[in-house]
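Notebook open, structure loaded. I want to look up a few odd backbone spots, one polar side chain and one helix.

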Amino acid sequence: MKERMKIPRQRMPEQDPKVRVGNFYEVPYGFTPEEAMKEAQRCIQCKTPLCVGGCPVNIDIPWFIRLIEEGKFVEAARKLKETNGLPAVCGRVCPQEDQCEKVCVVGKKGEPVSIGRLERFAADYEREHGEVSIPEIPRWTGKKVAVVGGGPAGLTVAGDLIKKGHKVTVFEALHTPGGVLVYGIPEFRLPKKIVESEVDYLRKMGVDIQCNAVVGKLETIDELLSNGFDAVFIGTGAGLPYFMNIPGENLAGVYSANEYLTRVNLMKAYQFPEYDTPIMRGRRVAVVGGGNTAMDAARTALRLCPEEVTIIYRRGMEELPARVEEVHHGEEEGLKFALLTNPLRFIGDPEGRLRAVECIRMELGEPDESGRRRPVPIKGSEFCLDCDVAVIAVGNGANPLIPQTTPEIKVNKWGNIVIDTDTGKTSKTGVFAGGDIVRGGATVILAMGDGRRAANALHEYLAKGNPGVS
Amino acid sequence: MFEIVEKRHLAHMVNLFSIKAPLIAKKRKAGQFVVLRLNEHGERIPLTIADSNPDEGTISIVVQEVGKTTALLSNMDKGGFIMDVVGPLGKPTHIENYGTAVCVGGGIGTAVTYPIGKALKEAGCEVISIIGSRTKDLLILESEMRSTSSELLITTDDGTYGYHGFVTAVLSEMIAKAKKIDIVFAIGPVPMMRAVSELTRPHGILTMVSLNPIMVDGTGMCGSCRVTIGGKNRFVCVDGPEFDGHEVDFPELIRRNRSYLKEERMAMEEFVYHEGATCCERKET
């Protein structure tokens, strides 16, 4: 035990910051087998592991880590996949420092075990060594489930239910499945080929994925239920991006983070004109917001923009909600921070193109309802920041398409679907929901956790032989 | 993949495509649009559905060559395949028996006016249509528009056909003659929709326009298509595409539509360089 505690946390090699700002390749290279086995030895195999409880999908963390320690990498990946359909994704994008690694006992006296990196290692090893095996699918139960939205929540539901013997069709509005994994999270944080292979795995298990299918416009939820589906899961994700409602927000050059990231990630605008979708690269880019989406947009901008990228955030560095790792990566890549700063208006040229943003300095006052100190403007501290591209990353509202066409599904005042949190059940019989359409704006793993719970409840619902409409 | 089952040349650089898309054909209503992507490297562009045939499972779109994607599409033929077609998107036109409805179509906007006029006629409206183009050769869907209208007026900017002048002149005359007009639908280039809206505003005639901003996803996720309507930010893809023309900030829409002029020109030049002069415009030059 003491021996184990002495091993230092293994460093994961990364692309040099100066080099990587010039490309879209993934930043960390991942562990070698030797590094992974060494890191795995750091796990003290707690009898009552806190890390499992810290994981939204309750992966048996000590078990898969032990398998890595023993050099059984493929077995480790399969162990992971018992509870997590997308380990290669989660190993990269989960905020482990707030989940499993936060409660890791080893971390109490030093640095926690790199659970996320080990997860990534096992999943990558299995995929890269062609060892991915398709689990045996039980005989068809006779039930069919429609999954609306092919993002993390929907793909989790699809994987879980197909393994239980139900037929699953995923309806995806975009031309590629993956949701935020393909349109939102940048290539340098999550290579798209990984998402493709995860989706491919689902297809091989028998999940039917229909792209270009906008439920609510093509078929409504009611039509799905009367056209042969026994139940529906809604995982339509984040919806309409919020803007700040300040002057000049519709100038050319002002993007929502969703648009900016979709153009670059999904449409590959960084390869324009080889790909047809353009993006304004800009000389100076301002990104408004302090979350992970803001960080993704800013680090994307660094790879497109020759001069300067600045994060504008109304609170301080300590309050920045983005992952520490991402902020650190951004800083290494030359990202600038205008903290305690809030935009007042965007200023354009006569052609309607963005030229600058006028901001005001803020100071932190009394704590607000979120418990964070409320930023208050400092009178007379207005100043201008030159920028020709601005990206607004201040969150998303709910997409109205499903509630518009299925009014029985209860939504809250923000338009998010109301569910029973243990089961994902909505107010409409046979209809379940999870992910950002419920939460408003959260993480991949929380959406997957929702999917997991909903899949269990869906399975129970279908097994009762009470499909409602059939 | 979506098969092109018919291609019809309508006018100089304007083609009608019928595309096999049975589900969309069954569901679509007047005023709605599709977003399409031609190939793996393609961009997503919105195009309004001009017509549909649910029995044959086809929708039709009218395409004018204005950039690389539309040029590429115009080079495609019957039997070709479009990689992605998604729809029907946007809210359908609100159709009811308004009384007298004037449908104004400018350029290929006529292709959007046509299904609206057709639906209005079916709802019992008296439909008067005014369609205009720069010159006679660019006029489209004349016989289709005639079939949905009790009266069809035609204008050309150069006087080669019909009334010599703009659609607004004809509409203005109609209003001056104290013709009772209950609603106007104006669809065409942004300056035309703006001019029609300005014309009807002092007379208090409800005027609906169909907007054509730059879009990416078309389902409300990206906000690229936002336009100020009555002082509020609205998303054309989910809140529109039709809005009260008297509330639309047209200058803003024009400016936003010009966001990528430089990139569009660059894409076109690169396309011509690689593909050679194959489109009709370049055949002439």
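I started with A:Asn58, which I found in the chain A loop between helix H4 (50-54) and helix H5 (61-69). This is a predicted model, so I read every angle and distance below as computed. A:Asn58 is not a glycine, yet its phi is positive, about 50°. Is A:Asn58 buried or exposed? Neither: its relative accessible area is 43%, so I put it down as partly exposed.

Next I looked for a similar case in chain B. B:Met13 also has a positive phi without being a glycine, here about 65°. I traced B:Met13 to the loop between strand E1 (2-11) and strand E2 (14-20) of chain B. Its relative accessible area is 11%, and since buried means under 20%, B:Met13 goes down as buried.

Then the cis peptide bonds. I noted one between B:Gly87 and B:Pro88, with omega at about -5°. B:Pro88 sits in strand E7 (residues 84-89) of chain B. I noted another between B:Gly240 and B:Pro241, where omega is about 15°. B:Pro241 belongs to the chain B loop between helix H7 (236-239) and strand E16 (242-244).

Back to chain A for the polar side chain. A:Asn84 is in the loop between helix H6 (73-83) and helix H7 (87-93) of chain A. Why do I call A:Asn84 buried? Because its relative accessibility is 0%. What does the side chain of A:Asn84 reach? I got the backbone nitrogen of A:Leu86, at 2.8 Å. The A:Asn84 side chain also makes a polar contact with the side chain of A:Glu119, at 3.0 Å. Leaving out residues up to four places away in sequence, I listed what A:Asn84 touches: A:Val57, A:Ile59, A:Cys90, A:Glu119, A:Met448 and A:Arg452.

Last entry: helix H6 of chain B, residues 190-200. Which residues of this helix are buried? I wrote down B:Val190, B:Met192, B:Met193, B:Val196, B:Ser197, B:Leu199 and B:Thr200. I kept the textbook rule beside that list: an α-helix has 3.6 residues a turn, so residues three or four places apart point the same way. Then I checked what the buried residues of H6(B) pack against. Among the helices of chain B, I found helix H5 (167-176) and helix H8 (250-257). The strands I found there are strand E8 (100-106), strand E12 (183-187) and strand E13 (206-210) of chain B.

Conventions:
Residues are numbered from 1 along each chain as its sequence is written. Chains are lettered from A and ligands numbered from 1 in the order in which they are written. This is a predicted model: local features need pLDDT of at least 70, side-chain atom pairs count only at pLDDT 80 or more; totals for chains, interfaces and linings use all residues. Side-chain values use heavy atoms; hydrogens and water are left out. Helices (H or I, at least four residues) and strands (E, at least two) are DSSP runs, numbered from the N terminus. Buried means under 20% relative accessible area, exposed over 50%, partly exposed in between (1.4 Å probe, protein chains only). A polar contact is a pair of N or O atoms within 3.5 Å; within protein, one must be able to donate a hydrogen and the other to accept it, and residues adjacent in sequence count only if both atoms are side-chain atoms. Contact means heavy atoms within 4.5 Å.
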